[in-house]
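Here is a short briefing for a first look at this protein. Keep the structure in view while reading.

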Amino acid sequence: MREGDTLVITRIDRLSRSLRDLQNLVHELEGQNIKLRATEQAIDTSSASGKAFLDMLGVFAEFETRLRQERQREGIARAKARGAYKGRKPTAQAKAQQVIELTLAGLTREAVADQLGIGRASVYRILKTWRQQHPDAIFPGERVKPSLNHSEPATEHVTIAP
């Protein structure tokens, strides 16, 4: 927008979520000599009454938002008290055994994720947890890092092609 333009919106609640944001935006627009007009509300910041009405509507919009948030928190607390608000059941962790079995059977991490309908990150997370519980196990296709025993000298085996 340029100086002298008018920003036209349907309702002010479409423009910002809090009174502070609304006031900051209006101040910024005024600084650039841009007017604000709402089509469904009697707001036009080019006049003093329009600016006053904007401020009043902003206060009521924020009040309404806070009431809605309070009601939502109360509803969640009631649902938790009766045991109905538990969140989504973890789908990937329920399939952890299948992830391990398919990986040990030689499927790639991507193939396991696709077959079980879970994300690749979930597959890697499950395998990481399993690896911590079974540090000596080796998955197919996994690179094995040799552990150095300090009593034996480390030797490197190199094959040179002719």
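The crossing of helices H4 and H5 is right-handed. The model is predicted. H4 covers residues 96-104 and H5 covers residues 109-116.

**How H4 and H5 meet**
- The axes of H4 and H5 come within 10 Å.
- They cross at roughly 135 degrees.
- That angle lies outside the 65 to 115 range for roughly perpendicular and is not over 145, the mark for roughly antiparallel, so H4 and H5 are oblique to each other.

**Who makes the contact**
- On the H4 side, the contact is made by Gln 98, Val 99, Leu 102 and Thr 103.
- H5 brings Arg 109, Val 112, Gln 115 and Leu 116 to this contact.
- By type, the residues where H4 touches H5 divide into four nonpolar, three polar and one charged.

**The protein overall**
- There are six helices and three strands in the protein.
- Along the sequence, these elements follow the pattern β-α-β-β-α-α-α-α-α.
- Contacts with a separation of 6 or more include many pairs far apart in sequence: residues 24 or more positions apart account for 51% of them.

**Burial and surface**
- The protein has 162 residues, and 23% of them count as buried.
- About 12800 Å² of the protein is exposed.
- Carbon and sulfur atoms supply 51% of that exposed area.

Terms used. Residues are numbered from 1 along each chain as its sequence is written. This is a predicted model: local features need pLDDT of at least 70, side-chain atom pairs count only at pLDDT 80 or more; totals for chains, interfaces and linings use all residues. Side-chain values use heavy atoms; hydrogens and water are left out. Axes are lines fitted to C-alpha atoms, for helices over the stretch in contact, and angles run from 0 to 180 degrees between N-to-C directions. Helices (H or I, at least four residues) and strands (E, at least two) are DSSP runs, numbered from the N terminus. Angles under 35 degrees count as roughly parallel, over 145 as roughly antiparallel, 65 to 115 as roughly perpendicular and the rest as oblique. A crossing is left-handed if the near helix is turned anticlockwise from the far one by less than a right angle, and right-handed if clockwise. Contact means heavy atoms within 4.5 Å. Ala, Val, Leu, Ile, Met, Phe, Trp, Tyr, Cys and Pro count as nonpolar, Asp, Glu, Lys and Arg as charged, and the others, Gly among them, as polar. Buried means under 20% relative accessible area, exposed over 50%, partly exposed in between (1.4 Å probe, protein chains only). Accessible areas come from the Shrake-Rupley method with a 1.4 Å probe; for residues, only the protein chains shown count as cover.
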